[in-house]
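Here is a friendly walk through a protein model, in questions and answers. Have a look at the structure first, and then we can work through it together.

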Amino acid sequence: YKTMMAQHGMRLSMRDVVSSALYPQVFDEFMKFREKYSDEVGYLPTEAFLAPMRLGEEYHFEIEEGKTLVTKLVSVSQDTDSAGYREVFFELNGVSRMVKVADKAVLDAAKGGGAGALARGITERADPSIIGQVGASMPGTVVDIKCRPGQPVTKGDQLLTLSAMKMETAVSAPISGTIGRVVVGMGDFVSIEDLLVEITPA
């Protein structure tokens with residue numbers, strides 16, 4: 001117990017001690033998170049700690065006897081700022097609030113020096129009026145690219161794969177033609193409607 005107190009620098013309960021004994025790695029990760037975001041994170045429901053809230057989702061949690069907080073996720077900004085942060089809008093007991101939260105996928109992609117739009121500091125948006133421009137239907141990280149400039153493609157062919165929240169989504173060619181440009185690179189983070197690929201119609 002004394003060793004754990006010295007390591008984490010905060011008061012620990014017997015439940016913490018048992019948790020550490022049963023799941024040492026998980027407990028250490030939780031404590032690092034707790035130390036970074038304050039002890040109040042301990043009041044979060046387990047599901048809110050393990051997975052991001054969905055838009056419109058609401059949580060009730062008691063921070064002390066007779067005092068309950070009600071939080072509701074309202075919206076998250078589509079684009080990040082220059083530092084890789086998104087604006088998160090939520091309600092706390094019915095009062096609207098906003099905080100800026102670091103988008104880990106964006107920051108990790110920037111550190112990795114992706115070859116596409118993020119590495120160049122440029123974000124192109126797909127123009128829906130141009131039939132050959134393929135935009136992202138969801139925010140995510142580019143984890144696979146199956147096309148290259150000059151390559152002929154048929155409508156329905158997979159162009160690349162996006163990953164978000166451990167779910168992968170295939171991006172397919174909306175038309176037949178020839179790949180003109182591949183705008184993104186491996187590891188790039190993209191937002192909704194960011195330009196991914198340009199196809200010259202057949």
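Before we start, one term: two strands pair if DSSP finds at least two bridges between them. Also keep in mind that this is a predicted model.

Q: How many helices and how many strands are there in the chain?
A: Let's begin with the overall make-up. The chain has 202 residues, and 32% of them are buried. Its accessible surface is about 12,800 Å², with 55% belonging to carbon and sulfur atoms. Its secondary structure consists of 6 helices and 12 strands.

Q: Among contacts between residues at least 6 apart in sequence, what share joins residues at least 24 apart?
A: A contact here means heavy atoms within 4.5 Å. Counting the contacts in the chain between residues at least 6 apart, the share that joins residues at least 24 apart is 43%.

Q: How many bridges join β10 to β12?
A: Strand β10 covers residues 177-182, and β12 covers residues 195-201. One of their bridges has G177 facing its partner P201 in β12. The two strands run antiparallel, and the number of bridges joining them is 5.

Q: Which strands stand at the edges of the open sheet that has β12 and β10 in its order?
A: This open sheet has 4 strands, in the order β5-β12-β10-β7, with antiparallel pairing. An edge strand pairs on one side only, and that description fits β5 (133-135) and β7 (152-153).

Q: Which residue of β12 stands opposite V134?
A: Now to one end of that order. β5 pairs with β12 in the antiparallel sense over 3 bridges. Opposite V134, in β12, stands V197.

Q: In β10, which residue is the bridge partner of P152?
A: At the other end of the order, β7 and β10 run antiparallel and are joined by 2 bridges. In β10, P152 has as its bridge partner T178.

Q: Is Q151 buried or exposed?
A: Q151 lies in the loop between β6 and β7. Leaving aside neighbours within four places in sequence, its contacts are K146, G177, T178 and I179. The cut-off for burial is under 20% relative accessible area. Q151 has 18%, so this residue counts as buried.

Q: Is R148 buried or exposed?
A: R148 is also placed in the loop between β6 (140-145) and β7. Beyond four places in sequence, R148 touches I179 and V182. The cut-off for the other class is over 50%. R148 has a relative accessible area of 55%, which means that this residue is exposed.

Q: How far apart in space are the C-alpha atoms of R148 and G180?
A: Along the sequence, R148 and G180 are 32 residues apart. From C-alpha to C-alpha, their separation in space is 8.2 Å.

Q: Why is one side of β9 and of β11 left without a neighbour in the sheet?
A: These strands belong to an open sheet of 4 strands, ordered β9-β8-β6-β11, with antiparallel pairing. β9 (167-172) and β11 (189-190) are at its edges, and one side of each lacks a neighbour because each has a single partner strand.

Q: In β9, which residue is the bridge partner of T161?
A: Strand β8 (residues 158-164) pairs with β9 in the antiparallel sense over 6 bridges. Within β9, the bridge partner of T161 is A170.

Q: Which residue in the turn of the β1 and β2 hairpin has a positive phi?
A: β1 (residues 58-64) and β2 (residues 67-76) run antiparallel, joined by 6 bridges. One bridge pairs F61 with L69 in β2. The hairpin has 2 residues between its strands, and the one with a positive phi, of about 85 degrees, is G66.

Q: What is the C-alpha separation between D81 and D103?
A: D81 is in the loop between β2 and β3 (85-92), and at 29% relative accessibility D81 counts as partly exposed. D103 is 22 residues away along the chain, and the C-alpha atoms of the two are separated by 9.9 Å.

Q: Which element gives the largest share of the lining of the second largest pocket?
A: This pocket has a volume of about 720 Å³. Its lining has 20 residues, with D16, S19, F30, G42 and F49 nearest its centre; by class, 10 are nonpolar, 4 polar and 6 charged. The elements that give two or more residues to this lining are α2 (14-22), α3 (24-37) and α4 (46-50). The largest share, 5 residues, comes from α3.

Technical notes. Residues numbered from 1 in each chain as written. Predicted model: local features only at pLDDT ≥ 70, side-chain atom pairs only at ≥ 80, totals over all residues. Heavy atoms only, no water. 1 Å grid on protein atoms, 1.4 Å probe; cavity = no way out; pocket = protein on both sides within 12 Å on 5 of 7 lines; lining within 4 Å. Points joined across faces, edges and corners; volume = space filled by probe spheres on them. Nonpolar A, V, L, I, M, F, W, Y, C, P; charged D, E, K, R; others polar. Buried < 20%, exposed > 50% of the residue type's maximum accessible area, 1.4 Å probe, protein only. Areas by Shrake-Rupley, 256 points an atom, 1.4 Å probe, with all protein chains shown as cover.
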